[in-house]
Amino acid sequence: MTVVPRLVLSAPSSGHGTNMLAIGLLAALADRGVTVAGFKVGPDRVDAAYLGLAAGRPGRTLDPRLVGAERIAPLVAHGAAGAGLAVVQGSMGLYDSLTGHPETESTAAVATALRSPVVLVVDVAAMGQSVAALVHGFRAYDEQLWLGGVILNRVASGRHEALLREALDDVGVPVYGALRRQDLPPVLPARRHGTVPVVTASAEADRAVRRLGEAVAATVDLERLLGLARSAPPLSVAAWSPEAEVGAAEASATGERPLIAVAGGAGGGYSHAETTELLRAAGAEVVTLDPLHDEALPAGTRALVVGGGLPESNAERLSANRRLCIAVAELARTGRPVVAEGTGLLWLARELDGLPMCGVLDAVGSSREGLVVGYRTATAATDSVVAAAGATVTGHKEHRAVLTPRAGQRPAWTWDGGTPEGFVWRGVHASQLTLHWAAHPRLAARVVAAAAQAEPAESPAGGVPA
């Protein structure tokens, strides 16, 4: 049993302001001395990063498709350890699912699994008494859901607020706050920057979070919300544990703690927080490498992990860091493990949109219109540092740039209805498919073992793999 005061913030659909309100709520409570933790339903790493910035501890994603529904509650118990409040930000509408499986993968399903009260954020800019019918419908749709109340966003005036509160009081729904139209300004850095403003600890991101916290503190009844969160029953699960997941037998057999560099910055990493925790549990010493600023690998680096949170919009900065590109190419050439997901694959290519990259892979990247996004159930096409041939995983893709060729002579993954993707070469495993390592803890053990045992290799003829 794990005691975690908690709330789920959701909305009737996207665009109601849930993201900014969740960030502001965490920031406001943290400013009052409450220890808080932030989570995002689904694969969205950007929202999770800002939730983490507001909370002062890593923001984490809760994606039933990627980690399995059975891990959701244990991951919350782990990520919220010692916190006085966990805030879970929903995705899309309360009952919606990216994959058409709302019974297991919607925000409502996550809230039910967590036995958590839900606070519905409603944009009422063009709404009057109908807000009562809307909220009553959401409450009645699923009798297992605990709808604890609402927060009204984009209220026009005091008279408008009074009308809305009266309508909701008639159906017995508490109102925990009412924000005027100007209270949640679009202060967050442009989304094209991805997680970079948070990872690099930019002043712009910090100011934006502080501004949202001030807005929520002035308009939301924080004490009543805390009371609602504390009424959630204890979670009837043990907290997820990286040590238990990896297991003592999986740790480095040599007893050595190989140094593994994980791409990130002063404000966090481009990988899920669980990635670093699993690597440490498997016996690695983990250090941060900033691919946008650091010109050399940390001394003694035996492996490199580049997570899928690094955005494609930083191609010019990645390319300009030539010294680090050369160092990464040498690390790969000598057989050390290099695991690259998402944009990390593009960084290892010969070039991207005409810009020189690391040159580890004999492939060229080019940006295109439209976004490739979605889940893939993939099978490892060959043995690699990530998985044994035939292993099956579920990952997520979100990218505009594509590589030519799409796969090397030894592809990373195959899946039904698609051509092979990714590259396996020596200790390199690179793909635009991003995994959540909490669902595949042995992956960390494989990387650590390979880092501890790998020996420098001779450069092949031609210098780079086909």
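This report walks through the aromatic contacts and one open sheet in a predicted model.

## Aromatic pairs

Let's start with the rings. Searching the whole structure turns up two aromatic pairs. In one of them, Tyr95 and Phe138 have ring centres 5.8 Å apart and planes at 25 degrees, so this pair counts as stacked. The contact ties together distant parts of the chain, since 43 residues separate its two members. Tyr95 sits in the loop between strand E4 (85–89) and helix H5 (102–105), while Phe138 belongs to helix H7 (residues 130–141).

Are these two rings buried or exposed? Tyr95 has a relative accessibility of 15% and therefore counts as buried, because the cut-off for buried is under 20%. Phe138, at 14% relative accessibility, counts as buried too. Tyr141 joins the picture as well: together with Tyr95 and Phe138 it makes up one aromatic cluster.

## A charge over a ring

Another ring to look at is that of Tyr375. Here Arg65 lies over the ring face, at 5.6 Å from the ring centre.

## The open sheet

Now for the strands. Four of them form an open sheet in the order E14-E13-E15-E18, and the pairing is mixed. Which strands are at the edges? They are strand E14 (355–356) and strand E18 (402–404), each of which pairs on one side only.

For a closer view of the E18 edge, follow strand E15 (residues 364–366), which runs antiparallel to E18 and is joined to it by three bridges. If you would like a residue to locate in your viewer, try Val364: its bridge partner in E18 is Thr404.

Definitions and conventions:
Residues are numbered from 1 along each chain as its sequence is written. This is a predicted model: local features need pLDDT of at least 70, side-chain atom pairs count only at pLDDT 80 or more; totals for chains, interfaces and linings use all residues. Side-chain values use heavy atoms; hydrogens and water are left out. Rings of Phe, Tyr and Trp (its six-membered ring) pair if their centres lie within 6.5 Å; planes under 30 degrees apart count as stacked, over 60 as edge-to-face and the rest as tilted. Helices (H or I, at least four residues) and strands (E, at least two) are DSSP runs, numbered from the N terminus. Buried means under 20% relative accessible area, exposed over 50%, partly exposed in between (1.4 Å probe, protein chains only). A charge sits over a ring if NZ of Lys or CZ of Arg is within 6 Å of the ring centre and within 35 degrees of the ring normal. Two strands pair if DSSP finds at least two bridges between them.
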